[in-house]
Amino acid sequence: MRVLGVDPGLTRCGVGVVEGVAGRPLTMLGVGVVRTPADAELGQRLVAIEQGIEQWLDEHRPEFVAVERVFSQHNVRTVMGTAQASAVAMLCASRRGIPVALHTPSEVKAAVTGSGRADKLQVGAMVTRLLRLDAPPKPADAADALALAICHIWRAPAVNRLQQAHEQARRAHLSVKKVTR
């Protein structure tokens, strides 16, 4: 499984590609940051993020895109910018028919470090260890993007099994309803 992780942000949008399967060593295929100038017009910044993500999609051809789910913060401007960058990433993937998964920051931290309350240093250290890197990716947005990809690779099989079980139960319930009518 090849996953592009996206840590959305208007100034720094972290991107990282990881390949592998749950239970086996993972491989980093690329990591970086799509940057936009803070003083640029919002529309121009969103176009720059789109162009950057499109380049990553062209170069790495991921099977899935994992994006950090936007959560409420006290700073509404930060939340809005993060949500806008997140929407661009989802749009780019969806336009190509690539499935998008959203993961909360605490899900990602728990998957990678074992604690949903881990700090950025702990996440960076575990990403470095899990991907057998010489040093933590910098800035932290890049490490977070890799953590998102790792989280998706590890969580996707369990989530898929749960969805399949739910669908089977739903079908069974509908079959019982038809028989009893």
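**Close-ups of a five-stranded sheet and its neighbours**

**View 1. D7 and G14 face each other where β1 meets β2.** In this predicted model, D7 has G14 of β2 as its bridge partner. Another such match brings together V3 and V18, the latter again in β2. Taken as whole strands, β1 (residues 2-7) and β2 (residues 12-19) run antiparallel and share six bridges. Four residues sit between β1 and β2, and the two strands make a hairpin.

**View 2. On to β4, the parallel partner of β1.** Here β1 pairs with β4 in the parallel sense, this time over four bridges. Look for L4, which stands opposite V65 of β4. How many of the six residues of β1 are buried? Five are, so the rest of the structure largely encloses this strand.

**View 3. The whole sheet, strand by strand.** Step back and you can count five strands in an open sheet, ordered β3-β2-β1-β4-β5, with mixed pairing. At the edges are β3 (27-35) and β5 (100-103), each of which pairs on one side only. On average, neighbouring strands in this sheet are turned by 20 degrees against each other, direction ignored. As a reminder of what holds such an arrangement together, strands of a sheet pair through backbone hydrogen bonds, either parallel or antiparallel.

**View 4. Helix α1 lying across four strands.** Which strands does helix α1 lie across? They are β1, β2, β3 and β4 (64-68), and the helix itself covers residues 42-60. Relative to β3, α1 runs at about 165 degrees.

**View 5. A101 on edge strand β5.** A101 belongs to strand β5, one of the two edge strands. Is A101 buried or exposed? Its relative accessibility is 17%, and because the cut-off for buried is under 20%, A101 counts as buried. Setting aside neighbours within four places in sequence, A101 touches V65, A66, V67 and H152. V65 is also the residue opposite L4, so to speak a familiar face from View 2. For a sense of distance, try L121: it is 20 residues from A101 in sequence, and the two C-alpha atoms are 24 Å apart.

**View 6. H152, reaching the sheet from helix α5.** H152 is part of helix α5 (residues 140-180). With a relative accessible area of 7%, H152 is buried. What does H152 contact, leaving aside neighbours within four places in sequence? The list is M1, V3, F64, A66, A101 and H103. Two of these have come up already: V3 is the bridge partner of V18, and A101 sits in β5.

Terms used: Residues are numbered from 1 along each chain as its sequence is written. This is a predicted model: local features need pLDDT of at least 70, side-chain atom pairs count only at pLDDT 80 or more; totals for chains, interfaces and linings use all residues. Side-chain values use heavy atoms; hydrogens and water are left out. Two strands pair if DSSP finds at least two bridges between them. Axes are lines fitted to C-alpha atoms, for helices over the stretch in contact, and angles run from 0 to 180 degrees between N-to-C directions. Contact means heavy atoms within 4.5 Å. Buried means under 20% relative accessible area, exposed over 50%, partly exposed in between (1.4 Å probe, protein chains only).
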